[in-house]
Amino acid sequence: MSARVASIPPTIFSEMSALAVRAGALNLGQGFPDVDGPASVVAAAERAMRDGANQYAPGIGVPGLRQAIARHQERHYGLALDPDREVVVTTGCTEAIAAALLGLVDPGDEVVVLEPYYDSYVAMLDMCGARRRPVTLRAPDFRPDPDELRAAITPATKLVLLNTPHNPTGTVLTREELQLVADLAIENDVVVVTDEVYEHLVFDDALSTEGHVPIATLPGMRERTLTLSSAGKSWSFTGWKVGWATGPAHLVQAVLAAKQWLTFTSGAPLQHAVAHALDHEPDWPAALARDLQARRDLLCDGLAAAGLPARRPEGTYFATTDVSHLGWADGRELCLALPERAGVVAIPTQGFHDDPDAGRQLVRWAFCKEPAVIAEGVRRLAEAD
Ligand code: GLN
């Protein structure tokens, strides 16, 4: 194994999902829903396969999907995009992240990233040889500190990697928080790459209730922002791995330059099906968000009853708890013991920090599961010794 990959720990998601299967435990760890998205979208995938969309798609993505993505950005955010130059389809948002970093970051470049970070960001930053500059969202509120942002984003910064709604904390960045990032990015001539895969999974009480604000919509930001998203979370097809990057042509070109050597092109029939989802199931994500809000409350109430009060996240699939409330000093130890002791799996988030002490006691719980599964999970936790 190369030193490049050997130095990166294996992803916690595979480790904990394998543990769930081995122990026959309920998986409140990895973020995937246990019910699939709309049947009409599955039918569109079948139709695309029968109609012969089974050979290589164009590297940039099938035109129908790129046009549907452009319409989606216009409809929701008023962002007008040229589907031929400002949209590229990727194999899930994970490939968009990889291709964006490979396409934009040189070894030694400084990249500012919110911490706790989604683990693939750090793996890719390491593979690119980037220098990481974390800005920590601290418990219990998980908001960015303006002074820390100001200290982190400087003329030495090459790129800011944002994520809102934020995995694992569930924080949805406010317009004010984003405006500070935008001001600093403009002042220091920095590119912003923003992972917005949970863009539609935002709840009623999202702070000022403005909900999700794409930083690309702030004045002066469209020309320096690459926005990443996918169909996996919004339409409950996480296994399809259809994602995209949108933004000014020079940034999209950088993604495409790297993507052509990673996957060359993404799965053709699924691209047609996702175009169908974007155009013909536009209200599905909002209905999912309403459902998820009730599941979030079920989980947070249940965790609190089991002795683990959780801040109610404004968005995403996830809530985070501090397990020191139960007398545990280390979230990873609790997560390794839980399958045996309670028949439940969760994700320790200490590995999502540069300084593991900052997240030592934090554990992430997924509520993108059927209500009966969540209810059973919290019942088991309450009864565990
Ligand atoms: N994004 C999902 C999560 O955070 C899945 C992660 C993964 O399996 N790599 O749980």
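**Helix packing, ligand surroundings and a three-stranded sheet**

In this predicted model, helix 5, which spans residues 92-104, packs with helix 6, residues 119-128, at an angle of about 30°, and the axes of the two helices are 10 Å apart. Because angles under 35 degrees count as roughly parallel, helix 5 is described as roughly parallel to helix 6. The crossing in which helix 5 passes helix 6 is right-handed. On the side of helix 5, the contact is made by Thr94, Ile97, Ala98, Leu101 and Leu102, which meet Ser120, Tyr121, Met124, Leu125 and Cys128 of helix 6. Of the residues in this contact between helix 5 and helix 6, eight are nonpolar and two are polar, while no charged residue takes part.

The surroundings of the ligand were examined next. The residues around the ligand are Thr11, Phe13, Gln30, Gly31 and Asn167. When the residues of this shell are divided by character, four are polar and one is nonpolar, and none is charged.

A further element of the model is an open sheet of three strands, arranged in the order 9-12-11 with antiparallel pairing. Strand 9 (318-322) and strand 11 (347-348) stand at the edges of the sheet, and each has a single partner strand, so one side of each is left without a neighbour in the sheet. Strand 11 and strand 12, the latter comprising residues 362-366, run antiparallel and are joined by two bridges. Within this part of the sheet, Pro348 stands opposite Val363 of strand 12. In general, the strands of a sheet pair through backbone hydrogen bonds, either parallel or antiparallel.

Terms used
Residues are numbered from 1 along each chain as its sequence is written. This is a predicted model: local features need pLDDT of at least 70, side-chain atom pairs count only at pLDDT 80 or more; totals for chains, interfaces and linings use all residues. Axes are lines fitted to C-alpha atoms, for helices over the stretch in contact, and angles run from 0 to 180 degrees between N-to-C directions. Helices (H or I, at least four residues) and strands (E, at least two) are DSSP runs, numbered from the N terminus. Angles under 35 degrees count as roughly parallel, over 145 as roughly antiparallel, 65 to 115 as roughly perpendicular and the rest as oblique. A crossing is left-handed if the near helix is turned anticlockwise from the far one by less than a right angle, and right-handed if clockwise. Two residues are in contact if their C-beta atoms, placed from the backbone, lie within 7 Å. Ala, Val, Leu, Ile, Met, Phe, Trp, Tyr, Cys and Pro count as nonpolar, Asp, Glu, Lys and Arg as charged, and the others, Gly among them, as polar. A residue is near a molecule or strand if its C-beta atom, placed from the backbone, lies within 6 Å of it. Two strands pair if DSSP finds at least two bridges between them.
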